[in-house]
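Trainee: I would like to learn how to read some features of a fold. Please take me through them one by one.

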Amino acid sequence: MKIGIDIDNVISNFDDTLLKEYLKHDKELRNTGIIDKNASYIRNGMFDWSEEEEIKFYKTNIERIAINLKAIEGASKYINKLKEDGHTIYIISGRDNGEYSDPYKMTIDWLEKYNIVYDELFLVDAYNSYSKTEICLNYNVDIMIDDSKRMCKNMKVKEHGVKALLMDTAYNKNTDEFIRVHSWEEIYEFISNYKKEKINVILDTDTYNECDDQFALAYLIKSQDKFNIEAITVAPFSHNSRNVSVKEGQDL
């Protein structure tokens with residue numbers, strides 16, 4: 001399967017680190033502490049900072065914070081196991097959002113530091129709700145693991161067939177819309193058993209030749225409760241005279 005994985009709060013301990021940094025700065029600022037434990041997010045009214053104070057601290061420190069994030073327990077171990085099991089790993093993160101001087105180098109270095117294996121890295125704009133959806137659809141991602149309810153909703157998982165796993169955080173608890181996971185061990189168990197009862201199929205067909213191929217293709221597409229369609233390959237059709245090119249045969 002093709003698996004999409006967000007970084008912050010999925011592979012890295014972003015919110016935990018951000019909260020520690022805000023508590024530390026609050027002592028330097030006014031030492032008021034947390035004034036609203038039920039705030040929707042750390043940056044949204046949890047502290048009695050002015051909007052200007054909050055934005056200035058965040059923009060000044062976010063790159064330093066991101067570089068020094070720790071990996072969530074089990075992330076490297078189980079992502080490596082998923083890769084060894086034959087899955088394709090796409091790291092899909094919203095870090096290309098103008099907050100980092102060189103988001104690709106920073107991210108590549110961080111993933112290497114914590115031995116996170118992957119096939120491709122995609123950085124998108126986190127402020128564009130559909131940016132991750134586009135990657136998932138363009139690359140036929142089967143499962144996307146994210147901590148954002150907004151991103152998961154905009155994947156429209158039912159219409160597009162992308163299964164969303166929501167990594168549990170303190171700020172995304174008010175929803176039962178998605179499958180909630182709490183650890184990388186739990187993620188690995190879910191993926192290992194997902195569609196396990198189905199049969200993986202590659203259909204090789206020359207649909208221009210005789211009608212049996214059309215029947216086989218139609219039955220396969222309508223029987224995805226029993227089969228995982230890994231690929232449909234097209235054998236170039238040709239007459240006995242062999243005067244049809246590969247491209248012409250594929251089009252036929």
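Trainee: What phi does Asn140 take, just after α5?

Mentor: A positive one, of about 55 degrees. Helices here are DSSP runs of H or I with at least four residues, strands are runs of E with at least two, and both are numbered from the N terminus. This is a predicted model, in which local features need pLDDT of at least 70 and side-chain atom pairs count only at pLDDT 80 or more, while totals for chains, interfaces and linings use all residues. Residues are numbered from 1 along each chain as its sequence is written, and side-chain values use heavy atoms, with hydrogens and water left out.

Trainee: Where is Asn140 placed, and is Asn140 buried or exposed?

Mentor: Take the scale to begin with. Buried means under 20% relative accessible area, exposed means over 50%, and partly exposed lies in between, with a 1.4 Å probe and protein chains only. Asn140 sits in the loop between α5 and β4. Its relative accessible area is 51%, so Asn140 is exposed.

Trainee: Which residue other than glycine also has a positive phi near 55 degrees?

Mentor: Asn115. Look for Asn115 in the loop between α4 (103-113) and β3. Asn115 counts as partly exposed because its relative accessible area is 46%.

Trainee: Back to the loop after α5. What does Tyr139 touch?

Mentor: Contact means heavy atoms within 4.5 Å. Not counting residues up to four places away in sequence, Tyr139 touches Lys2, Tyr90, Glu120 and Phe122. Tyr139 is in the loop between α5 (131-138) and β4 (143-146). Its relative accessibility is 29%, so Tyr139 is partly exposed. Tyr139 and Gly4 are 135 residues apart along the chain, yet their C-alpha atoms are separated by 9.6 Å.

Trainee: Which residues of α5 are buried, and what covers them?

Mentor: The buried ones are Ser131, Lys132, Thr133, Ile135 and Cys136. Their cover includes β2, β3, β4 and α6 (149-154).

Trainee: How is the sheet ordered?

Mentor: Pairing comes before order. Two strands pair if DSSP finds at least two bridges between them. Here 6 strands make an open sheet, ordered β3-β2-β1-β4-β5-β6, with parallel pairing. β3 (120-123) and β6 (179-181) are the edge strands, each pairing on one side only. On average, neighbouring strands are turned by 25 degrees against each other, direction ignored.

Trainee: How many bridges join β1 to β2?

Mentor: There are 4, between β1 (residues 2-5) and β2 (residues 88-93), and the two strands run parallel. Ile5 has Ile91 of β2 as its bridge partner.

Trainee: What is Phe178 in contact with?

Mentor: Setting aside neighbours within four places in sequence, Phe178 contacts Lys149, Cys152, Lys153, Ala164 and Leu166. Phe178 lies in the loop between β5 (163-167) and β6. With a relative accessible area of 9%, Phe178 is buried. Phe178 and Ala164 are 14 residues apart in sequence and 6.3 Å apart in space, C-alpha to C-alpha.

Trainee: Now helix packing. At what angle do α3 and α8 cross?

Mentor: Two packed helices are described by the angle and the distance between their axes. Axes are lines fitted to C-alpha atoms, for helices over the stretch in contact, and angles run from 0 to 180 degrees between N-to-C directions. α3 (residues 75-84) and α8 (residues 184-193) cross at roughly 15 degrees, and their axes come within 9 Å. That makes the two helices roughly parallel. Angles under 35 degrees count as roughly parallel, over 145 as roughly antiparallel, 65 to 115 as roughly perpendicular and the rest as oblique.

Trainee: Which residues make the contact?

Mentor: α3 gives Ala75, Tyr78, Ile79, Lys81 and Leu82, and α8 gives Trp184, Glu185, Tyr188 and Ile191.

Trainee: How do α1 and α2 cross?

Mentor: At roughly 130 degrees, with the axes of α1 and α2 (residues 51-67) coming within 11 Å. α1 and α2 are therefore oblique to each other.

Trainee: Where does His25 lie, and what does His25 contact?

Mentor: His25 belongs to α1 (residues 14-29). Leaving aside neighbours within four places in sequence, His25 contacts Trp49 and Phe57. At 18% relative accessibility, His25 is buried.
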